[in-house]
Amino acid sequence: MNRSSKFAEFLVALAVAGLLAMFRYILSRKKLPADLPRADEPQRASGTAGIKRWVLIAVGLLAVLGVGAFLVVVSGIVPIKASSGHWPITEWVLQFAKSRSVATHTLGIETPPLDDPSLVLKGATHYAIGCRPCHGNPDLQTPRIAQQMTPRPPYLPPRVPNWSPDELFYIVKHGIKFTGMPAWPAQQRDDEVWAMVAFLLRFPEISAEEYRLLATGGIAKVNSELPMPDSPTLRDTPRAVTENCGRCHGVDDPGMAAFPKLTGQRPAYLFAAMRAFASGERHSGIMEPIAAALSLTDMRELALYYAGLPQISPLFSRAQSPFAIERGQAIATGGIRSQRVPACVACHGPGTAPRNPIYPNLAGQYAEYLVLQLMLFKNQHRGGSSYARLMLPVAARLKPEQIRDVALYYASLAPIAGTK
Ligand code: HEC
Ligand code: HEC
Ligand code: HEC
């Protein structure tokens, strides 16, 4: 007999002994003369004694129930097997408890605008890895292994209309205890969870074909200047790129700035970024699991691969917002003295001055991505490599409109040549 079952038996014996003692006490109290009504206070005394006895009996019954339940558990007759499913009544109670808990906990959550197609794309590409193995896709609505779970992960399109956006947000961010539904890997930031909600809200109305295009990033690749994964120039493409990274980082479309461009970046920075995601020091529910599955050798290979690709010229032209770009240029090159913001070019270029190769280039990057990162730094939600602390005071001192201007300036620049 092992130690834990011995301990369980000891607890049962203790509980039974405790119960016996309590009943003896209740019975013996009946006969105590002190409980008999006294001449001076007949009504109140007998009333209190009666109530006391009922309370004791109720407590005794509860204790019996508790010990009974405990004995059932100790005996091991409760089946925990997933193969038998739940009884309909258990299923109903659990579903009811879930919807009540979600409704109560979503009070006060505000839903941001979710109609941006790049949010839907970001959500869909992650769904394909993070959710599909349990919840299926239009081509395979009930994955075989997940169907043997209790409770079963439902196919989501028919379920989505039952929930409001804030409720979906709460479920996706926090997961559901005891069901296998996991919480979002990066609890520090909410924007990615909202991207997933944006996709879920569209999910019921999209076709199988549209789902396939979204999940593989193919929806935007038509405009790509990047060589396609099957082109002969890319024979040396690492497998990770054709099988995974390319779905997201191959996407190159001005309306779909869901993912950062990796071309035009130096290998030292790309490598440091992957390591930071893998260790959880840089927060992203999308990139953390992907990077954590890479070996250091994979990371090095992928960093060199992306840094060596032909650079994509900016999709964003200076003529689109000339005044904002001019203001952004002044910030990047001269800083803002009154707000103690340093010039960005000292660390990020462009320019000929030598810079630490682990500092990222910003030229030619999507404006939306730069704004997102600066806002994450500002709210202290980004994390990053061990150099990321250099950015915290910079972002904290920038106003949102200055962040937009400087992002537009960098997005309008040609990528820096010779990034190796
Ligand atoms: C390991 C399997 C698993 C993974 C991965 C998973 N889920 Fe779930 N999910 C479940 C299970 C099981 C339930 C059912 C819980 C229940 O019945 O109470 C669930 C429930 C849900 C629900 C509530 C559905 C309803 O109507 O009750 C939503 C929404 C959801 N998941 C979204 C997601 C999203 C989005 C992802 C990916 C980020 C994801 N899930 C990843 C297992 C999983
Ligand atoms: C499902 C989509 C998706 C896939 C697949 C994906 N990424 Fe990412 N990646 C992202 C997103 C989104 C970000 C931006 C994260 C953030 O907001 O911090 C990112 C950021 C990065 C960054 C940091 C870029 C920067 O400028 O800081 C690197 C490096 C990176 N990914 C490498 C990879 C590699 C290598 C692979 C393949 C092994 C890969 N990614 C696969 C979505 C993806
Ligand atoms: C003292 C050096 C320094 C200065 C000055 C600086 N930065 Fe940075 N910045 C960094 C470092 C280092 C990182 C990379 C952090 C990491 O590795 O996680 C970074 C990251 C960033 C990123 C995220 C890039 C990406 O691909 O994820 C943005 C955007 C950014 N900085 C914008 C700015 C702007 C705008 C300014 C000027 C207002 C500025 N920085 C000034 C050092 C600096």
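A residue counts as near a molecule if its C-beta atom, placed from the backbone, lies within 6 Å of it. The model examined here is predicted.

Around ligand 2 there are 23 residues. Thr125, Cys245, Cys248, Ala273 and Leu302 come nearest to the ligand. By class, the shell around ligand 2 is made up of 16 nonpolar, five polar and two charged residues.

Several helices build this shell. Helix 4 (117–130), helix 10 (239–249), helix 11 (267–279) and helix 12 (287–292) each contribute at least two residues to the surroundings of ligand 2. Helix 10 gives the largest share, with six residues. Two domains also take part. Domain 1 (111–215) and domain 2 (224–308) each provide at least three residues of the shell around ligand 2.

Helix 11, one of the helices that supply the shell, also packs against helix 13 (residues 296–308). Two packed helices are described by the angle between their axes and the distance between the axes. For helix 11 and helix 13, the angle is about 140° and the axes lie 8 Å apart. Helix 11 is therefore oblique to helix 13. The crossing of these two helices is right-handed.

The contact can be listed residue by residue. From helix 11 come Pro267, Leu270, Phe271, Met274 and Arg275. They meet Met299, Arg300, Ala303, Leu304, Tyr306 and Ala307 of helix 13. By class, nine of the residues in this contact of helix 11 with helix 13 are nonpolar, two are charged and none is polar.

Methods: Residues numbered from 1 in each chain as written. Chains lettered and ligands numbered in written order. Predicted model: local features only at pLDDT ≥ 70, side-chain atom pairs only at ≥ 80, totals over all residues. Helix = DSSP H or I, 4+ residues; strand = E, 2+ residues; numbered from the N terminus. Nonpolar A, V, L, I, M, F, W, Y, C, P; charged D, E, K, R; others polar. Domains from an automatic or database assignment. Axes fitted to C-alpha atoms, helices over the stretch in contact; angles between N-to-C directions. Parallel < 35°, antiparallel > 145°, perpendicular 65-115°, else oblique. Left-handed = near helix turned anticlockwise from the far one by under 90°. Contact = placed C-beta atoms within 7 Å.
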